[in-house]
Amino acid sequence: MSNKRKAQDFLLQFGTYFAAFFSFATLSLIIFFIFTNGVKLLNLDLITHDYQAKTHIAEPLAPNDTDYFEPEETLKAEVYYSPRWGLGLIDSIDLMGKTQVEIAYVHPSSPFQQLHDKGLSHELLSLKPDMMIIRIAYSDQPSSLARYGAEQMIDELALSNQIRELEFTIPGGGIRGSIITTFYLIVFSLLFALPIGIGAAIYLNEYAKNNRFTRLLRSFIELLTGVPSIIYGLMGLAFFVPFIINVSSATSGSILSGSMTMAVILLPVVIRTTEESLKVVPDEYRQGSLALGASKTQTTFRIVLPGAFPGVLSATLLAIGRIIGESAALVFAIGTAIKDDIRVTEQSTSLAVHIWAMMTDEPANIELSSTIAIIILLIVLLLNLLIKLLTRRFLRKVSAPR
Amino acid sequence: MTAQNPIVFQIENLNLFYGEKQALKEISIAIYEKEVTALIGPSGCGKSTFLRVLNRMNDLIDSCHITGNVTYHDQDIYQPKTDVNGLRKSVGMVFQKPNPFPMSIQDNLIYGPKCQGIRDRFLLKQIVEQSLKQAALWDEVKDRLKESALALSGGQQQRLCIARTIAMKPEVILMDEPTSALDPVATAKIEDLISSLKQDYTIIIVTHNMQQAARISDKTAFFLMGELIEYGDANQLFSTPENKKTEEYITGRFG
């Protein structure tokens, strides 16, 4: 008997240990996977740069035979330099992980400082460090292409006297626009979801009588938590997208329609969490307030709701996590066009949809996706800390010092 | 006692039900001004329920309904047009467990007046000082008015709750076993406070502690199984009870 019990105890205990270890290991694995894949592309430029590359085709003046440009600064060892053209190139990868030939140095008197744009604008352009050269076409020899590397491009450049055409690009691939969209989405979604959600929770917990109707309402809200988000996305497409198009200058899915869809997705979570936190506000507070002649409404909004503040904050945190992570619904409710110039009545992508766009590319860009995933994790972590800090400050204000 | 004080509450044939269950049976009683009336009786006898009839706190319980007359200064307080918030303002209540709000001491005191629309800073400050002084708490907390009320000891919290009630300038203070969660020293302080508050307020106190009832009350009412068994001057009730059940209870035969 006792042996059997021992065996049972051991088994159950082992089970719990294993479950804890397993969850921990899986989470670590995910983070490990994301980091090993994504850390290579993680840099500040990715966050601050535009997604759309600006490509120019231009024509430089030919150098004189006698030109020789001594670089004015010491160039790094891996830079290939052509003294005749005053141009230093380097092999690099762009923000999206493709190999490119990057401009490392342009001499102040180099012919590349004055380029005639062959496009529509006819402006004077100049090459600057960090730009990427895609192609150089010569009048007197075959073109140099970026995929053969910086060394070969410099060698070929040195042999030529006349450049017919130069294609270069201010590199894109940055996720600045998607970061801004994500923050817009967070702000607007919370703006729609929190007041409605908190209001509904207050009604359910403070005012509603416990009858059939409210029980039905509650189980309905619970049910909504389990509805797949893509269905909300369809609703957004059918409902909010046309609505926003009607009331604003929007012509397609927009951040606003996305936020409204998101708000609907968030409502059940916000209502449930807020209601739980309202429930734990001691009844003594309500009675104490009412016994002082305060009205029910005053009691609810001045005593009960502030008491539920930490719960409301954690509802907010859950909501933010949900907004940042949502992609399926937003693909419908906003769209998938990655933008740099963000307007709330226009399409753009959140970070999660940006990942979705990268993964549906041909071929799928797992590295950049992982990098964005790291950034998402960092943002969530940061917001988490912020809310913890707020909660602690609030609790310190109201509770006894420990 | 010489002349009888005026009547504040007149209760006639009060019956109270929680759903089907009758909690108070045919209670008729008069509460007199500026006296301490103690309600005693074993647990579940209906004394707290009776107390909550007087400021309509039983309204919070859906299944609760009453029959009979409850008049406060000749006004029936169970009329549909009764201003319940106004009633609770003049009939304040202190609970068994100290329940200061999770805010600063000062905010606890000005919460009630603010809900009544008082915004004048100077006036609010005055209310804070006066009510704390009346509740004999001023000297202990005057330097920490901005600190959390939850940092106070249990006895201080209870006196803060009394001060909070006083801040509303009530006429009656209902106390529902206000010392049952406190230690003897804190209890003694509250009892002293009750005796001094008697000059300005009508106090109705529910207590489990018969010595306490004997010490502080002018009138005592003995409840048993939802019925009012005996009501009269405290001295007389405790020395020569008329009813046998009262005698058995106060001599500790049961309860």
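Is Arg343(A) buried, partly exposed or exposed, and at what relative accessibility? Arg343(A) counts as partly exposed, at 44% relative accessibility. This is a predicted model, and the views below take its features one by one.

**View 1. Arg343(A) pairs with Asp341(A) in a salt bridge.** The closest N and O atoms of the two side chains are 3.4 Å apart. Arg343(A) is partly exposed because its relative accessibility is 44%. Asp341(A) is partly exposed as well, with a relative accessible area of 47%. Over all chains, the structure holds 24 salt bridges.

**View 2. A salt bridge ties helix α5 to helix α7 in chain A.** Arg218(A) and Glu275(A) form the pair, with their closest N and O atoms 2.8 Å apart. Arg218(A) lies in α5 and Glu275(A) in α7, and 57 residues separate them along the chain. The pair therefore links distant parts of the chain. Arg218(A), at 21% relative accessibility, counts as partly exposed. Glu275(A) is at 2%, so it counts as buried.

**View 3. Glu129(B) and Lys133(B) meet in a salt bridge within helix α4 of chain B.** The N to O distance is 2.6 Å. The helix covers residues 121-134. The two residues are 4 positions apart in it, so about one helical turn separates them. Glu129(B) counts as partly exposed, at 31% relative accessibility. Lys133(B) also counts as partly exposed, at 47%. In chain A, salt bridges with shared partners join Glu222(A), Arg272(A), Glu276(A) and Lys279(A) into one network.

**View 4. Chain B meets chain A.** The contact involves 28 residues of chain B and 21 residues of chain A. The two chains bury about 2,000 Å² between them, and 62% of that is on carbon and sulfur atoms. On the chain B side, Pro102(B), Tyr111(B) and Cys115(B) lose the most area to chain A. Together they account for 25% of what that side buries. How many salt bridges cross the interface? The rule finds 1. Glu284(A) forms a salt bridge with Lys97(B), with the closest N and O atoms 3.6 Å apart. The model scores ipTM 0.91 and pTM 0.82. Chain B has a mean pLDDT of 91, and 98% of its residues reach 70 or more.

**View 5. Helix α6 of chain A is kinked at Gly236(A).** The helix runs over residues 229-247, which is 19 residues. From first C-alpha to last it reaches 25 Å, close to the 27 Å expected. The kink is about 40° and is centred on Gly236(A). Gly236(A) is also one of the buried residues of the helix. Others among them are Tyr232(A), Phe240(A) and Ile244(A). The cover over the buried residues includes α5, α7, α10 and α11 of chain A.

**View 6. Helix α8 of chain A is mostly covered.** Of its 9 residues (283-291), 7 are buried. The buried residues include Tyr285(A), Arg286(A) and Leu290(A). Gly293(A) follows the helix, with a positive phi near 85°.

**View 7. Leu174(B) sits in strand β7 of chain B.** The strand spans residues 172-176. Leu174(B) counts as buried because its relative accessibility is 0%. Which residues does Leu174(B) contact, leaving aside its neighbours within four places in sequence? They are Leu51(B), Leu54(B), Asn55(B), Val91(B), Gly92(B), Met93(B), Val94(B) and Ile204(B). Leu51(B) is 123 residues away along the chain, yet its C-alpha atom is 6.9 Å from that of Leu174(B).

Methods. Residues are numbered from 1 along each chain as its sequence is written. Chains are lettered from A and ligands numbered from 1 in the order in which they are written. This is a predicted model: local features need pLDDT of at least 70, side-chain atom pairs count only at pLDDT 80 or more; totals for chains, interfaces and linings use all residues. Side-chain values use heavy atoms; hydrogens and water are left out. The expected span of a helix is 1.5 Å times one less than its number of residues. The bend at a residue is the angle between axes fitted to the seven residues ending there and the seven starting there. Buried means under 20% relative accessible area, exposed over 50%, partly exposed in between (1.4 Å probe, protein chains only). Contact means heavy atoms within 4.5 Å. pLDDT is the predictor's confidence in each residue, from 0 to 100. Buried area is the accessible area (1.4 Å probe) that two parts lose on being put together, summed over both. A salt bridge is a side-chain nitrogen of Lys or Arg within 4 Å of a carboxyl oxygen of Asp or Glu.
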